[in-house]
Amino acid sequence: MGLLSEGSPLSWEETKALAQHVREHGIEQFINLYARLKDRQGDVLKWGDEVEYIIVRFDDEKKETQVSLRARELLAVLNEKEHADPTGVKSLWRPEYGAYMIEGTPGKPYGGLLAHFNVVEANMRYRRLEVAEMLPPGEHVMSITNFPRLGAFNFTYPPAKPTPEDESCAARSLYFPDEAIYPGHPRFKTLTRNIRQRRGEKVSINLPVFRDKNTVIPVAGSLPDKPDYVHMDAMGFGMGCCCLQLTFQACNIAEARTLYDQLTPMCPIMLALTAASPAYRGYLTDVDCRWNVISASVDCRTKEERGEVPLKNDRFRIYKSRYDSIDSYLSPAGEKYNDVPLVLDEKLYNRLREGDIDHLLAQHIAHLFIRDSVSLFSEKVHQNDEQDTDHFENIQSTNWQTMRFKPPPPNSPIGWRVEFRPCEAQLTDFENAAIVCFVVLLTRVILSYQLDFLIPISKVDENMQTSQKRGAVLTEKFWFKKNITGPPGAQTNNIGADQSHSEMNNHDNEHDAMTDDNGMDDEYELMTIDQIINGKGHFPGLVPLINSYLGSMDVDADTHCTIQQYLRLIQKRASGELMTTASWIRKEVTGHEEYKQDSVVSERICYDLLKKAKDIQDGIRPCPELLGTNINSKTADNIPPAIEKHLTKRC
């Protein structure tokens, strides 16, 4: 979720008055941090995953299920272990937006040994069991992306009702009560209130309903101009979803920028491959993923910034929500693919350049900083810009994008990092571990083989929208690089690092991508995800490249067995031999005996769906259409000392 500063939250009017103060001091903090750490070298590969969970309560008598608003009391106990033994715990726990959500990470990051891939699933299982042991009968911890009836009647336990007319409420939602927002930290309600007040109205999230034989149009609660859309009106509908994220430490800033760029075209691919959220507010929708829901749920842009009325009081026409796909590459090889005009704060850009920040990084930061702070604490207003970074992180951490470029924290052994953020949470630890290990292995192959995935940012944007369509993993094609094994950026002439940022910004309020006139369109083509993952003709496929890489490494037998099962899951999801979670959920809903072909996920349907999902995650019920057969990964809690001593190669 980002920075969790402690203190007394300011009102929106107080926060708004300090917006420029936060921006200017945040820029100074970044300049100072960059000056100290730009030449940092030699950090080793460290990486970790973040899995978000939902606490689900089953009422077996009534055949109903709700989200359990128990996160605060669970975290109080879980965090006691960390406080007592900060370096010895096997898991770390943090709050998330929902009062029914918690986020778990490994107790310490994984490293460069290939054998670490054999620990991930065991640690995920440990985390799940650690929480499960604390729950009363009938409650379970589940890594589902979205509770299908979130916002429908009776979706919380204890019961809570929305109070949209209550001016003291943060969300003022018709569907999502404030009680469902995590109460243990003021950040969450403050963000909810300030985003709504900055926008000047409640957020508006609209998803096309899945039209079935008996679907009633207009959908209950839909807007007059969108009668066939499921309407949602609160931050909780997006930030109340769960995801699976990864963070990598690079050896230096150049490697971090390379990984940031090369992983960007993979974001829509992995979003489609991990699609897991087709149901919202008790309806099946015509999308498979959460991304646009979250994007709209925190869209604090005013009507002027959204382009609905002419600019008068605001500074910029802003083309995306603060939660969206990235807008520019950071490495020199990526610059020529920055084909979408970038809105940035000219004054802050110039200050960054004066502070010895190069053009690409300066425009990236100046673009993030067109946003206002939407959460500020009185104790954090005045800071030491030589030492503190809270103002920088205040805005950096509330630009929730597909990728995040993360500078080292001050006075920390942590290096330059990259966060990979698009993936949806899967039902089982096996699936989540498979996705994590696939992406981490891909980073190693990118760096070892100098792979080049770069395509124009406009094409990545197009892919992001394609990836969320129903069944996209099988029915859609995605722009991807034809020749990924050539040196990055070798196929076209570089525009050059000295290209004026003002030229990139000269859009005259038009958002059309700049016309490609240098032959770049010959570099990429439309491919299926099966072709991208498994290969076709001249294109080697990502899993075959990973296997080629692994063939040159010293891998112990158990780790090799586990990795191969993970890679087979990825391959079979891509080919359609196995379902995505979203497709499986659709099948379960539409095939339920109580389903009336009306797009409605009723109480009983939701109960039976999640009961079955729980049994699958616990290994009680096989699900060959989702997981395949003969799953027997050799995952272990620890790397055997003999293997750790022997395997000195970095992956």
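## Charges across the chain

To talk about charge here, count Lys and Arg as positive and Asp and Glu as negative, leaving out His and the chain ends. On that basis, this predicted model has 75 positive and 94 negative charges in its protein chain, and the mean positions of the two sets are 3 Å apart.

## Overall shape

What does the chain look like as a whole? The C-alpha atoms fit in a box of roughly 70 × 60 × 55 Å along the principal axes. For 651 residues, you'd expect a compact globule to have a radius of gyration near 26 Å, and the 24 Å of this chain agrees with that.

Inside that box you'll find 23 helices and 17 strands. Of the 651 residues, 62% are buried. The accessible surface comes to about 24,400 Å², and carbon and sulfur atoms account for 48% of it. Now take the contacts between residues at least 6 apart in sequence: 78% of them join residues at least 24 apart.

## The nonpolar cores

The largest nonpolar core holds 189 residues, and W47, F176, M266, F420 and F438 have the most contacts inside it. Helix α13, residues 429-449, gives the most to this core, with 13 residues. There's also a second, separate core of five residues, including F316, I318, Y319 and I370.

Which residues does W47 touch, once you set aside its neighbours within four places in sequence? Its contacts include P109, Y110 and G111, then H116, F117 and V120, and also L246, T247 and F248. V436 and V440 are on the list of W47 contacts too.

## A closer look at T247

One of those partners, T247, is in strand β9, which covers residues 244-249. Is T247 buried or exposed? Its relative accessibility is 15%, and buried means under 20%, so T247 counts as buried.

Beyond its neighbours within four places in sequence, T247 is in contact with K46, W47, G48 and E50, and also with K406, R417, V418 and E419.

## Out in a loop: E577

E577 is found in the loop between α19 (557-575) and α20 (581-590). With 54% relative accessibility, against a cut-off of over 50% for exposed, E577 counts as exposed. If you compare E577 with I639, the two are 62 residues apart in sequence, and their C-alpha atoms are 32 Å apart in space.

## Backbone oddities

Most residues other than glycine have a negative phi, and most peptide bonds are trans. Here are some exceptions to look for in the model.

Where are the cis peptide bonds? One joins Y157 and P158, with omega about -5°, and P158 lies in the loop between β6 (156-157) and α5 (186-199). Another runs from I217 to P218, with omega near 5°. P218 lies in the loop between β7 (205-208) and β8 (229-232).

Two residues to check for positive phi are K63 and S599. K63 isn't a glycine, yet its phi is near 60°; the residue is in the loop between β1 (46-59) and β2 (64-68). K63 counts as partly exposed because its relative accessibility is 31%. S599 isn't a glycine either, and its phi is about 75°. This residue is found in the loop between α20 and α21 (603-617). Even though S599 is in a loop, its relative accessible area is 0%, so it counts as buried.

Note on methods: Residues are numbered from 1 along each chain as its sequence is written. This is a predicted model: local features need pLDDT of at least 70, side-chain atom pairs count only at pLDDT 80 or more; totals for chains, interfaces and linings use all residues. Side-chain values use heavy atoms; hydrogens and water are left out. Helices (H or I, at least four residues) and strands (E, at least two) are DSSP runs, numbered from the N terminus. The radius of gyration is taken over C-alpha atoms; the globule rule is 2.2 Å times the number of residues to the power 0.38. Buried means under 20% relative accessible area, exposed over 50%, partly exposed in between (1.4 Å probe, protein chains only). Contact means heavy atoms within 4.5 Å. Accessible areas come from the Shrake-Rupley method with a 1.4 Å probe; for residues, only the protein chains shown count as cover. The place of a charge is taken as NZ of Lys, CZ of Arg, CG of Asp or CD of Glu. A nonpolar core is a set of buried Ala, Val, Leu, Ile, Met, Phe, Trp, Tyr and Cys residues joined through side-chain atoms within 4.5 Å.
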